[in-house]
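Me: I'd like to learn how to read a model like this one, feature by feature. Could you walk me through it?

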Amino acid sequence: MPEGQVSHRNAIVLTDAIAGQPLTMVEAPEPRLAPQRIAERLAGDTLDHMEARGKHHLFRFQSGRVLHSHLQMSGKWRAFPAGADIPRAGLWLALHTDQAIVAQYRGPVMRLLEPGEPLPRIAAVGPDLLGDDADPEAIGMRLLAVEPTRTVGDAVMDQRVMSGIGNVYKSETLFLAGIDPWRPVASLTEDECRAIGRIGAELLAKGVRDGGRITTYRTPMATRGRPQGTWVYSRRGRPCRTCGTPVRSRGQGDGNRTTYWCPTCQV
Ligand SMILES: [Zn+2]
């Protein structure tokens with residue numbers, strides 16, 4: 001699964017490989033790209049640099065054209081030395097120079113914009129909790145930089161603060177951190193911010209490792225060898241697994257996304 005860190009690594013590797021060298025050949029064998037005539041439009045152009053924003057890749061050419069690529073779950077960029085016999089399976093695009101080839105596989109999002117054409121709406125994206133060299137506790141501290149009156153449950157979902165926590169992990173992370181999602185961000189201690197980052201990253205890593213969104217740990221009662229689902233997410237009215245208080249839920253934040261919490265365990 002490509003994460004934000006992959007994009008940042010690609011920015012360095014791909015810029016290094018071909019920036020400043022005129023393209024000697026452009027191949028775009030993927031049929032879905034045919035209407036854009038990318039090979040013809042990029043012929044003879046020169047890459048200035050590639051810029052990563054979250055999982056978005058923006059290749060900025062000296063002509064002012066911008067190639068926008070998003071890898072989603074399947075796509076991949078690779079660099080090869082010039083003249084290499086590159087793999088053809090899944091090849092969407094190959095940019096050749098005298099020194100190197102950079103090639104994109106399995107798309108799935110690619111668009112070539114003319115000079116001055118507006119960029120796709122890309123919000124600034126904060127550091128990814130699952131990034132290879134991410135420091136989740138430091139990322140958690142970024143919460144203190146957002147509007148102090150915003151609630152915690154709203155702020156952890158803000159991808160400009162940290163990238164990775166969606167609606168399920170919001171409720172689960174704040175439950176395990178023992179933090180009431182309705183508190184204003186300004187009331188968080190530094191220790192609480194660090195705990196949110198650390199627990200969020202642990203749950204996300206567990207989700208990647210085990211597949212799916214199972215966040216609870218096995219307890220003697222629950223399991224019979226099977227994972228038991230979530231602590232509070234989607235458990236409105238059911239007893240808290242820790243204290244028995246009925247789990248509550250309510251829409252929160254700009255998107256009014258439902259937050260689940262235990263009013264006893266989360267203070
Ligand atoms: Zn509880």
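Me: What is the mean pLDDT of the protein, and what percentage of its residues reach 70 or more?

Reply: pLDDT is the predictor's confidence in each residue, from 0 to 100. Here the mean is 87, and 87% of the residues reach 70 or more. This is a predicted model, so local features need pLDDT of at least 70 and side-chain atom pairs count only at pLDDT 80 or more, while totals for chains, interfaces and linings use all residues. Residues are numbered from 1 along each chain as its sequence is written.

Me: Which stretches have pLDDT under 50, or below 50?

Reply: Where pLDDT is low, the predicted coordinates should not be read in detail. Residues 1–5 stay under 50, and the model gives them 18 contacts beyond four places in sequence (a contact means C-beta atoms, placed from the backbone, within 7 Å). Residues 218–227 are also below 50, with seven contacts beyond near neighbours in sequence.

Me: How many helices and strands does the protein have, and which elements have the lowest and highest mean pLDDT?

Reply: Elements are DSSP runs numbered from the N terminus: helices are H or I over at least four residues, strands are E over at least two. The protein has six helices and ten strands. Helix 1 (residues 4–18) has the lowest mean pLDDT, 78, and strand 6 (residues 91–96) the highest, 98.

Me: What is the strand order in the open sheets, and is the pairing parallel or antiparallel?

Reply: Strands of a sheet pair through backbone hydrogen bonds, either parallel or antiparallel. Two strands count as paired if DSSP finds at least two bridges between them. One open sheet of four strands runs 2-3-4-8, with antiparallel pairing. Strand 2 (47–53) and strand 8 (109–113) are its edges, each pairing on one side only. Strand 4 (residues 66–70) is joined to strand 8 by five bridges, and L67 has L112 as its bridge partner there.

Another open sheet of four strands has the order 1-6-7-5, with antiparallel pairing too. Strand 1 (25–27) and strand 5 (76–81) each have a single partner strand, so one side of each lacks a neighbour in the sheet. Strand 5 pairs with strand 7 (residues 100–105) over six bridges, and P81 stands opposite A100.

Me: Which residues of the largest nonpolar core touch the most other members?

Reply: In soluble globular proteins, nonpolar side chains tend to be buried together. A nonpolar core is a set of buried Ala, Val, Leu, Ile, Met, Phe, Trp, Tyr and Cys residues joined through C-beta atoms within 7 Å. Buried means 20 or more other C-beta atoms within 10 Å of a residue's own; 12 or fewer is exposed, and in between is partly exposed. The largest core has 34 residues, and L129, L143, V152, F175, A177, I196 and V232 touch the most other members. Helix 6 (190–210) is among the elements that supply at least two residues, and helix 6 gives the most, seven. A second, separate core of 24 residues includes A17, I38, L67 and L93.

Me: Why does T151 count as partly exposed?

Reply: Just count neighbours: T151 is partly exposed because it has 17 C-beta neighbours inside 10 Å. T151 sits in the loop between helix 3 (136–141) and helix 4. Beyond four places in sequence, T151 touches P181, W182, R183, P184 and Q252. T151 and G253 are 102 residues apart in sequence, yet 7.8 Å apart C-alpha to C-alpha.

Definitions and conventions
Contact = placed C-beta atoms within 7 Å.
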